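Take a walk through this protein chain with the structure open beside you. Begin with one helix, then step back to the whole.

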Amino acid sequence: MGKRILLVGATGLVGQGVLRVLLDSDQVEAVSVLVRRPLASPDPRVQVLLAPEFSAVALAAIDLRDHDACLYCAGPMPLGLSEAAYREATVATLERVLAAYAGANPGGFVAYISGMGADAGSALMPLRVKGETEQVLARSGLAHTSVRPGVVRPVHGTVSPHRLRRGLYALGDPLLALLAGACPRVFTTTEAIGRCLLRLVIAPGPRPAVVENADIAAHAG
């Protein structure tokens with residue numbers, strides 16, 4: 001039997017790439033996508049779990065049992081958000097999802113898409129909040145890994161859900177491709193992140209607590 005995976009953030013840039021990798025693998029039996037808006041998928045292995053808001057009440061109404069892993073790829077960009085709003089959308093939301101997942105799958109594994117430089121003691125607000133979010137994982141009681149990508153290049157048809165960023169990615173793709181080859185410690189791709197997460201789910205033995213951007217390719221296999 002293959003792995004049954006809960007994917008949070010499947011409509012985002014990274015989440016799209018992760019979902020593509022999961023569905024390309026014969027080691028994945030089913031993927032449940034937890035989303036706020038309806039999502040259509042032609043693949044019969046995909047089950048859509050719709051929650052208009054990721055509140056404790058809404059999550060408690062969803063059956064999350066029998067998932068080997070939760071891949072958490074959700075989270076807004078910090079632009080235009082106060083620290084309080086960003087912390088609510090990042091730290092508090094992950095706390096609620098993890099509580100629901102852990103209650104249904106106490107032996108499960110969680111991989112969280114964090115960010116390069118995440119540090120709860122950072123002077124930079126986004127990095128500080130990302131670091132605090134990683135601490136939520138450590139308190140969850142679940143096996144976990146924080147993956148810290150740097151600059152992510154969308155590949156294989158993956159596109160940003162935001163129109164402006166979609167245009168910027170399209171214009172800048174040739175430059176991103178060059179920089180990715182020259183600076184692999186800073187740049188990665190949606191494909192590499194997806195393969196890294198899949199490898200973390202299926203690999204036997206203990207997982208690392210943190211995978212830095214420079215190590216994503218190595219963990220992608």
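How far apart should the ends of helix α4 (residues 125–139) be, and why? The model is a predicted one, so the helix can be checked against simple geometry. Helix α4 has 15 residues, and at 1.5 Å a residue it should span 21 Å. The C-alpha atoms at its ends lie 21 Å apart, which agrees.

Now look at which parts of α4 are covered. Its buried residues are M125, R128, V129, K130, G131, E132, T133, E134, V136 and L137. These buried residues pack against helix α3 (83–104) and against two strands, β5 (109–113) and β6 (143–148). Just past the end of α4 comes G141, with a positive phi of about 80 degrees.

Next, turn to the surface. M116, V151 and V186 make up a nonpolar patch there, and together they have about 200 Å² of accessible area. V151 belongs to strand β7 (residues 151–153). V151 counts as partly exposed because its relative accessible area is 34%, between the cut-offs of 20% and 50%.

Step back to the whole chain. Its secondary structure amounts to seven helices and nine strands. The chain has 221 residues, of which 46% are buried. Of the contacts with a separation of 6 or more, 68% join residues 24 or more positions apart. The exposed area is about 10700 Å², with 59% supplied by carbon and sulfur atoms.

Finally, consider confidence. The mean pLDDT of the chain is 89, and 88% of residues reach 70 or more. Among the elements, strand β4 (residues 69–72) has the highest mean, 98, and helix α5 (residues 163–182) the lowest, 61.

Notes:
Residues are numbered from 1 along each chain as its sequence is written. This is a predicted model: local features need pLDDT of at least 70, side-chain atom pairs count only at pLDDT 80 or more; totals for chains, interfaces and linings use all residues. Side-chain values use heavy atoms; hydrogens and water are left out. Patches are made of residues with over 30% relative accessible area and no salt bridge: like charges are joined within 9 Å, nonpolar side chains (Val, Leu, Ile, Met, Phe, Trp, Tyr) within 5 Å. Accessible areas come from the Shrake-Rupley method with a 1.4 Å probe; for residues, only the protein chains shown count as cover. A salt bridge is a side-chain nitrogen of Lys or Arg within 4 Å of a carboxyl oxygen of Asp or Glu. Helices (H or I, at least four residues) and strands (E, at least two) are DSSP runs, numbered from the N terminus. Buried means under 20% relative accessible area, exposed over 50%, partly exposed in between (1.4 Å probe, protein chains only). The expected span of a helix is 1.5 Å times one less than its number of residues. Contact means heavy atoms within 4.5 Å. pLDDT is the predictor's confidence in each residue, from 0 to 100.
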